Amino acid sequence: QVQLVESGGGLVQAGGSLRLSCKASGNIASINAMRWYRQAPGKQRELVTTITSGGSTNYADSVKGRFTISRDNAKNMAYLQMNSLKPEDTGVYYCNSQVRTTTSYRYLEVWGQGTLVTVSS
């Protein structure tokens with residue numbers, strides 16, 4: 001059993017910053033790329049950023065230069081530093097990854113429960 005748990009969401013004024021965390025727990029043997037998605041009210045879930053197991057990163061154009069993803073492989077953690085936040089960044093942020101457990105050779109798709117980020121204007 002593997003879980004991803006996000007934390008760090010909240011209410012912030014436009015121009016402010018938040019740092020989200022994602023903790024993977026369970027019988028983990030290996031974690032592949034880790035991703036942050038977000039879903040704004042009434043919109044589809046969108047990919048915000050990805051970090052590979054080796055540390056390579058990709059960002060959606062809408063967050064480039066403002067958001068930074070990082071990970072700590074020893075702690076099975078991923079982070080999302082969000083600066084210069086805008087009202088359009090409001091949404092539920094989800095952590096996602098593919099995780100291999102100690103009892104399987106297959107990678108499982110795992111999602112966190114999400115953390116709400118609200119940016120006021």
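Me: In this predicted model, which residue stands opposite V2 in β3?
Reply: The strands β1 and β3 pair in the antiparallel sense, and their pairing runs over six bridges. Within this pairing of the predicted model, the residue of β3 that stands opposite V2 is G26.

Me: Which side chains of β1 point to one face and are buried?
Reply: In a regular strand the side chains alternate between the two faces of the sheet. Strand β1 shows such an alternation, with Q3, V5 and S7 pointing to one face, where they are not buried. The side chains that point to the other face and are buried are those of V2, L4 and E6.

Me: Which strands stand at the edges of the open sheet, each with a single partner strand?
Reply: The open sheet is formed by four strands, in the order β1-β3-β8-β7, with antiparallel pairing. A strand at the edge has a single partner, so one side of it is left without a neighbour in the sheet, and this applies to β1 (2-7) and β7 (67-72).

Me: By what angle are neighbouring strands of this sheet turned against each other on average?
Reply: The strands concerned are those of the open sheet with the order β1-β3-β8-β7. With direction ignored, the average turn between neighbouring strands of this sheet is 15°.

Me: Over how many bridges do β3 and β8 pair, and which residue of β8 does S21 stand opposite?
Reply: Strand β3 covers residues 18-26 and strand β8 covers residues 77-82, and the two pair in the antiparallel sense over six bridges. As for S21, the residue that stands opposite in β8 is Y79.

Me: Which residues have the most contacts inside the largest nonpolar core?
Reply: This core has 27 residues. The elements that give two or more residues to it are β1, β3, β4 (28-39), β5 (46-51), β7, β8, β9 (91-101) and β11 (115-120). Inside the core, the residues with the most contacts are W36, F67, L80, M82 and Y93.

Me: Which residues is L80 in contact with, leaving aside its neighbours within four places in sequence?
Reply: L80 is one of the residues with the most contacts inside the largest nonpolar core. Once its neighbours within four places in sequence are left aside, the residues in contact with L80 are L18, R19, L20, W36, T49, F67, T68, I69 and Y93.

Me: How far apart in space are A14 and L80, C-alpha to C-alpha?
Reply: A14 has its place in the loop between β2 (10-13) and β3, and with a relative accessible area of 41% it is partly exposed. Leaving aside neighbours within four places in sequence, A14 is in contact with L85, P87, V119, S120 and S121. A14 and L80 are 66 residues apart in sequence, and their C-alpha to C-alpha separation in space is 17 Å.

Me: Is T90 buried or exposed?
Reply: T90 lies in the loop between β8 and β9, and, not counting residues up to four places away in sequence, T90 touches A40, P41, V117, T118 and V119. The relative accessible area of T90 is 18%. Because buried means under 20% relative accessible area, T90 counts as buried.

Me: Which backbone atoms lie 2.9 Å from the side chain of T90?
Reply: On one hand, the side chain of T90 reaches the backbone oxygen of P87 at 2.9 Å. On the other, a polar atom of the T90 side chain lies 2.9 Å from a backbone nitrogen, and that nitrogen belongs to V119.

Me: What is the phi value of N76, and what is that of S84?
Reply: N76 is found in the loop between β7 and β8 and is partly exposed, with a relative accessible area of 22%. S84 has its place in the loop between β8 and β9 and, at 42% relative accessibility, also counts as partly exposed. Each phi is a positive value in a residue other than glycine, that of N76 being near 55° and that of S84 near 50°.

Me: What is the radius of gyration of the protein chain?
Reply: The protein chain has zero helices and 11 strands. The globule rule gives 14 Å for 121 residues, and the value for this chain is close to that, so the chain is as compact as a globular protein of that length, with a radius of gyration of 14 Å.

Me: What percentage of the residues of the protein chain count as buried?
Reply: Among contacts between residues at least 6 apart in sequence, 56% join residues at least 24 apart. Of the 121 residues of the protein chain, the share that count as buried is 41%.

Notes
Residues are numbered from 1 along each chain as its sequence is written. This is a predicted model: local features need pLDDT of at least 70, side-chain atom pairs count only at pLDDT 80 or more; totals for chains, interfaces and linings use all residues. Side-chain values use heavy atoms; hydrogens and water are left out. Two strands pair if DSSP finds at least two bridges between them. Axes are lines fitted to C-alpha atoms, for helices over the stretch in contact, and angles run from 0 to 180 degrees between N-to-C directions. A nonpolar core is a set of buried Ala, Val, Leu, Ile, Met, Phe, Trp, Tyr and Cys residues joined through side-chain atoms within 4.5 Å. Buried means under 20% relative accessible area, exposed over 50%, partly exposed in between (1.4 Å probe, protein chains only). Contact means heavy atoms within 4.5 Å. A polar contact is a pair of N or O atoms within 3.5 Å; within protein, one must be able to donate a hydrogen and the other to accept it, and residues adjacent in sequence count only if both atoms are side-chain atoms. The radius of gyration is taken over C-alpha atoms; the globule rule is 2.2 Å times the number of residues to the power 0.38.
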